[in-house]
Amino acid sequence: MEGIIHLDSLYLVVKYPHLDIFENWYPHARDVDYKKLKEGIVVGDFVIKGGASTYKFSLWQHDARVFLTDQVDEKIGDGKGSGIWIQLGPKFLIHHAYNLHNAITELLLEIGIKRKYPISISRIDLAMDLFGVDMQDQDLSIWQAGWVGRSKVSSTYFNSRTGALETINIGSRKSSIYLRIYDKVAQAIAEGDIEYWLDIWKGFEGSVTRIEWEVKPRKGNFGKDLQDFHLFTPGFSVIELWNYLLDWGRLCTPNPDDSNNRRWPDAPLWADLRVFAASHAAGVDWPMSRYGKEFHGMSEAYIKFLSGVISGGMARFNRESPSVYNMLDGLEKNGESLNRIQYKAEEKAKIISRL
């Protein structure tokens, strides 16, 4: 079995007790129309967007997101505040695989935090991308009957057009561990970043199935090195986590003659996963990409949508002789000149370049 293993997401909570960072950034988001905030507002190297839960707004820089709130210790009492919530995506994590702690320090410095504060890990997503493993070859009945562990197959998703199996979910997102098995190629094409992942996969262009665990360290009572970011090491900490996850639940070959499913042997796929994980445990070699965390792709769906809008506009502005030139002329007559379109494009480009 060939493929790669990497951190796909990391959620951190910085126990920052003061109001100053929130107050420094909030004027840019205060009284801004919801639709405008949803699109994003460029401020320096960040895009300010909406918040979540108790966090009033967020600062985005590619797939690193910093959520800010005024509900901090200074306002509501020691130990009661929410601090600062950080969500890190795969491009940030892969790009900074060998200097993650320094990268977080730099990110916090960019938003104005100059001192060191406690940082806890609220969630870790660990992914295995398996080359040549096709979701269409997975027997759903085997997963349903042969999965041995506390959680069971909770949901499945099929391609709406072809009917092919694309995703198997095990457990609940509310629990300490949640497992997803899905067609990564299909997802990457839909999200417009297939070029990025092909680069990560060193050009491999066949089927890729991703096995991805979402882990909440504190809820699962994991070790301190998985709860305290300052103790966290992407190599050793994650290796120990792999070993646990492969036994937390496993795909087995059902034995109708043995009622104790704990004695059932690993299914071939799971046996291969153990060997695959062990081969990385000897020395973690994190993937790298020449595109970096600034990669911007376009999904196939967006390209088709854009093509449809343009062709529709050409047809509507001149049914007898549809053309781009006639469409632009019609737009100008209706107050949308080429200069105005160019201005809008430049403003949107500022947002896209930071996302």
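Me: How much space lies in the second largest cavity, and what makes it a cavity rather than a pocket?
Reply: In this predicted model, the second largest cavity holds about 40 Å³ of space. It is called a cavity because a 1.4 Å probe fits at its points but cannot get out, whereas a pocket is an open set. A search of the whole structure for cavities of 30 Å³ or more finds two.

Me: Which residues line the second largest cavity, and how are they classed?
Reply: The lining consists of Tyr16, His18, Ile21, Phe22, Leu68, Thr69, Val72 and Ile84. Six of these residues are nonpolar, two are polar and none is charged. Tyr counts as nonpolar by the definition used here, while His and Thr fall among the others and therefore count as polar.

Me: Why is Ile310 called partly exposed?
Reply: Ile310 has a relative accessibility of 34%, and the class called partly exposed lies between buried, which means under 20%, and exposed, which means over 50%, so Ile310 counts as partly exposed.

Me: What makes Ile310 fit for a nonpolar surface patch, and which residues make up that patch?
Reply: A patch residue needs over 30% relative accessible area, and Ile310 has 34%. Together with Phe305, Leu306, Val309 and Val324, Ile310 makes a nonpolar surface patch of about 410 Å². Ile310 lies in helix α11, and this helix, residues 300-317, gives the patch its largest share, four residues.

Me: How many of the residues in the protein are buried?
Reply: Of the 355 residues in the protein, 45% are buried, which means that each of these has under 20% relative accessible area.

Notes: Residues numbered from 1 in each chain as written. Predicted model: local features only at pLDDT ≥ 70, side-chain atom pairs only at ≥ 80, totals over all residues. Heavy atoms only, no water. 1 Å grid on protein atoms, 1.4 Å probe; cavity = no way out; pocket = protein on both sides within 12 Å on 5 of 7 lines; lining within 4 Å. Points joined across faces, edges and corners; volume = space filled by probe spheres on them. Patch = residues over 30% accessible without salt bridge, like charges linked within 9 Å, V, L, I, M, F, W, Y side chains within 5 Å. Areas by Shrake-Rupley, 256 points an atom, 1.4 Å probe, with all protein chains shown as cover. Salt bridge = Lys/Arg side-chain N within 4 Å of Asp/Glu carboxyl O. Helix = DSSP H or I, 4+ residues; strand = E, 2+ residues; numbered from the N terminus. Buried < 20%, exposed > 50% of the residue type's maximum accessible area, 1.4 Å probe, protein only.
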